[in-house]
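Reader: Hi, I've just been handed this one and don't know my way around it yet. Can you walk me through it?

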Amino acid sequence: MHLREIMRTEVVTLSETDHLDLADSIMRLGRIRHIPVVAGERVVGIVSQRDLYRAALSTALHLRPAAEREWLAKIPIREVMVRSVITATPDTGVREAVERMLAHKIGCLPIVEGGRLVGLVSETDFLQLLVRLWDLAEARRGLPPLTEAD
């Protein structure tokens, strides 16, 4: 099985010049944890909820929500994004992708083809695949065994 079979092709992206308040709003509203940062269609970075938490400091400073948004609005994405992005292609195998994510301790892989972003897979996509495989295995257990005459 390859990533093209499970990747999401509708991917929210940000620009390096966008600010963290926009990333925060998108992540909260879309209930997503990772957003690729692009220049044109080329991936130049990635920002995650973890990056926002590090930048926010609101818990340490005890900022009100409005003050936190003002603080985040002053920080451009390029200041906190991870620049060395680990990617995969649509033809990367699912096992290889999972091993890559585990080895690098990351929660998603932007999918790149011909230098441009074409999709994204995350831990959630792999968990959904696991559930589908379990369902198939359970359905198979309910079938009568095959005999040579079949």
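**A first look around**

Reader: Let's start somewhere random. What does E99 count as at 41% relative accessibility?

Author: With 41% relative accessibility, E99 counts as partly exposed. Buried is under 20% relative accessible area, exposed is over 50%, and partly exposed is in between (1.4 Å probe, protein chains only). Just so you know, this is a predicted model, where local features need pLDDT of at least 70 and side-chain atom pairs count only at pLDDT 80 or more, while totals for chains, interfaces and linings use all residues. Numbering runs from 1 along each chain as its sequence is written, and side-chain values use heavy atoms, leaving out hydrogens and water.

Reader: Got it. Which side chain meets E99 in a salt bridge?

Author: R95 does, at 3.0 Å from N to O. A salt bridge here has a side-chain nitrogen of Lys or Arg within 4 Å of a carboxyl oxygen of Asp or Glu. Both residues sit in helix α5, four residues apart, about one turn of the helix. R95 itself is exposed, at 66% relative accessible area. (Helices are DSSP runs of H or I with at least four residues, strands are E runs with at least two, and both are numbered from the N terminus.)

Reader: How many salt bridges does that rule give?

Author: Nine salt bridges. One of them is R4 with D91, whose closest N and O atoms are 2.9 Å apart. This pair links distant parts of the chain: R4 is in the segment before α1, and D91 is in the loop between α4 (65-73) and α5 (94-104), 87 residues apart. R4 counts as partly exposed at 43%, and so does D91 at 47%.

Reader: And what does E41 pair up with?

Author: R116, with 3.2 Å between the closest N and O atoms. E41 lies in the loop between β1 and β2 while R116 lies in strand β4, so this salt bridge ties together parts that are 75 residues apart in sequence. E41 is partly exposed at 48%, and R116 is too, at 37%.

Reader: OK, β4 then. Why is strand β4 largely enclosed?

Author: Because six of its seven residues (116-122) are buried, the rest of the structure largely encloses it. β4 runs antiparallel to β3 (residues 108-113), with six bridges joining them; strands pair if DSSP finds at least two bridges between them. For instance, L109 has V121 in β4 as its bridge partner. The two strands form a hairpin with two residues between them, and G114 in the turn has a positive phi of about 60 degrees.

Reader: Switching topic: which residues touch the most other members of the largest nonpolar core?

Author: L14, L20, V37, V47 and I77, out of 14 residues. A nonpolar core is a set of buried Ala, Val, Leu, Ile, Met, Phe, Trp, Tyr and Cys residues joined through side-chain atoms within 4.5 Å. α1 (20-30), β1 (34-39), β2 (42-48) and α2 (49-56) each give two or more residues. The largest share, three residues, comes from α1. Another core, of 13 residues, lies apart from this one and includes I6, A88, A97 and M101.

Reader: Last one: where is V131?

Author: In helix α6 (residues 123-141). At 43% relative accessibility, V131 counts as partly exposed.
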